[in-house]
Amino acid sequence: MKYFKFELKKFILNKRNRYLLALISSLIIVYSVYNTISFTNIFKNNITSLAQEVQTTEKSVQDNIETTEESLKTTKVKAESDDDLNNTLSDLKQKDNIYQKQIAAIGVNDINEYYHLQKEIDQLYFKQNGNQSSSGQDKFLKAEIKYIKTVQERKLDFEAMPTMQSHAFGNFHQQFIPILTSSLFIVLFASMVSILVATSYESKENRFYRFAGIDLQKNLIIKVLSGTLATFAWIIISSIIYFLVIGVVNGFGAWNYPAYLGDSDLKTGFTLTNLTIPNGILDLGSILYLFFVIFFLASLGALISVFVKRSMVVVGVIALFVMGYSMIGNVSWIISIRRFVPLSYLEPLKLFGNPSALFGKYSILIGAGYLLSLSVLFLLISVFIIKNQKTRRIS
């Protein structure tokens with residue numbers, strides 16, 4: 001335990017790590033301030049967008065009503081065709097009435113009433129067109145109905161837009177988690193935890209440890225665990241601070257508000273796949289998952305270090321892997337093997353979206369298990385190599 005405390009303290013007090021943490025913290029503070037200011041007016045902006053959308057649609061329906069009425073007056077048609085036009089006119093007037101109610105609801109900021117009416121419009125569409133089609137619009141409307149019913153069943157107040165939630169539980173995973181799992185931050189985290197073993201070679205630390213009777217294999221594992229836990233602790237602290245700031249400014253919202261997640265695919269585009277998962281579960285699950293990501297980066301760095309023994313080379317190799325994969329990850333032939341590439345499992349939000357290119361709803365569990373297994377494997381290989389390394393004695 002004393003060796004663990006020593007390595008943990010050394011990691012925290014390391015000047016390079018303090019500079020990196022200061023840099024990451026500064027980036028997050030700047031982003032948090034910007035996010036807080038920009039999201040202060042998000043409700044107003046989203047309300048304006050909703051109002052414009054409904055007004056445009058209502059104007060289109062009005063034009064269709066006028067066209068249909070004109071056809072009934074001026075066109076000589078058969079009796080059955082006349083009935084079809086009358087039915088169409090009745091449906092259009094029913095839609096127009098609902099849209100006018102929506103406009104009125106938006107005018108008094110009654111978002112709950114707006115979505116109640118939106119469900120009526122969506123259900124009216126399927127009543128008129130049948131429920132068998134699998135077109136993109138039909139899939140979206142079915143997902144929208146499911147989202148509205150979920151919020152109503154949980155007795156919650158609606159956000160103006162499910163894809164731009166301003167309250168803390170929604171904002172946290174929509175704005176903060178993508179930053180922590182971006183390629184830039186992954187490389188910054190790797191710059192701290194992946195070079196722990198390499199720096200011990202550069203400083204000749206391993207030689208002193210060996211001659212002092214300290215088990216280098218055990219020390220390698222301690223270095224990886226101490227760096228992982230220290231970095232993960234910082235992530236938790238910064239997450240709590242960000243959450244509290246957004247919550248104080250925009251409200252905390254509800255733990256069980258639906259997160260509205262989807263899966264992005266080259267063939268089908270963006271599809272809503274996991275829209276009922278509670279925001280709180282998604283937020284907490286994403287943060288916990290980052291432990292496996294950090295542990296994987298530290299273990300990978302340890303494995304590379306025992307071969308190259310140069311910290312800058314280790315950082316360069318991992319940065320090349322992460323940044324390179326982010327650029328070619330959507331290439332068609334890469335997609336076919338994506339589930340076997342560990343770098344596909346570094347972003348928890350994508351995994352919670354049940355990606356079809358990976359393992360669907362099991363992606364998050366398989367991702368955690370895959371990264372953990374590789375981390376253990378990397379450590380075992382690193383320990384084996386260190387065990388068989390020979391240190392030249394000075395005569």
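At what angle do the axes of helix H7 and H12 cross, and within what distance do they come? The axes of H7 (residues 168-180) and H12 cross at roughly 20° and come within 9 Å. H7 is therefore roughly parallel to H12, where angles under 35 degrees count as roughly parallel, over 145 as roughly antiparallel, 65 to 115 as roughly perpendicular and the rest as oblique. Axes here are lines fitted to C-alpha atoms, for helices over the stretch in contact, and angles run from 0 to 180 degrees between N-to-C directions.

**Basis and confidence**

This is a predicted model, in which local features need pLDDT of at least 70 and side-chain atom pairs count only at pLDDT 80 or more, while totals for chains, interfaces and linings use all residues. Residues are numbered from 1 along each chain as its sequence is written, and side-chain values use heavy atoms, with hydrogens and water left out.

The predictor's confidence in each residue, pLDDT, runs from 0 to 100. Its mean for the protein is 78, and 76% of the residues reach 70 or more. Helix H16 (residues 363-387) has the highest confidence, at a mean of 91, and helix H10 (residues 205-211) the lowest, at 55. Where pLDDT is low, the predicted coordinates should not be read in detail.

**Overall make-up**

The protein contains 16 helices and two strands. These elements are DSSP runs numbered from the N terminus, with helices (H or I) of at least four residues and strands (E) of at least two. Of its 395 residues, 47% are buried, on a scale where buried means under 20% relative accessible area, exposed over 50%, and partly exposed in between (1.4 Å probe, protein chains only). The exposed area is about 20,700 Å², of which carbon and sulfur atoms supply 61%; accessible areas come from the Shrake-Rupley method with a 1.4 Å probe. Among contacts with a separation of 6 or more, 73% join residues 24 or more positions apart. A contact means heavy atoms within 4.5 Å.

**Packing around H12**

The pairing of H7 with H12 has a left-handed crossing, meaning that the near helix is turned anticlockwise from the far one by less than a right angle; clockwise would be right-handed. On the H7 side, Phe169, Gly170, Phe172, His173, Ile177 and Leu180 meet Asn279, Gly280, Leu282, Asp283, Ser286, Ile287 and Leu290 of H12.

Helix H8 (residues 183-193) also packs on H12 (residues 279-308), with axes 9 Å apart and an angle of about 55°. H8 and H12 are therefore oblique to each other. The contact joins Ile186, Phe189, Ala190 and Val193 of H8 to Val293, Ile294, Leu297 and Ala298 of H12. The crossing of H8 and H12 is right-handed. An α-helix has 3.6 residues a turn, so residues three or four places apart point the same way.

H8 is mostly covered, with nine of its eleven residues buried. The buried residues of H8 include Phe185, Ile186, Phe189 and Met192. Thr231, in helix H11, touches Phe189, Met192 and Val193, as well as Phe11 and Ile294, when residues up to four places away in sequence are not counted.

**Individual buried residues**

The table lists residues that count as buried.

| Residue | Place | Relative accessible area |
|---|---|---|
| Thr231 | helix H11 | 1% |
| Leu358 | loop between H15 and H16 | 5% |
| Tyr260 | loop between H11 and S1 | 11% |
| Glu144 | helix H6 | 12% |
| Asn354 | loop between H15 and H16 | 18% |

Two of these loop residues have a positive phi without being glycine. Phi of Tyr260 is near 65°, and this residue lies between helix H11 (216-250) and strand S1 (261-265). Asn354 has a phi of about 55° and lies between helix H15 (348-352) and H16.

Leu358 is in the loop between H15 and H16. Apart from neighbours within four places in sequence, Leu358 contacts Arg338, Arg339, Ser344, Tyr345, Leu351 and Ser363. Its C-alpha lies 9.9 Å from that of Val341, 17 residues apart in sequence.

Glu144 belongs to helix H6 (residues 136-153). With neighbours within four places set aside, Glu144 is in contact with Gln118 and Asp122. The C-alpha atoms of Glu144 and Pro162 are separated by 9.9 Å, and the two residues are 18 residues apart along the chain.
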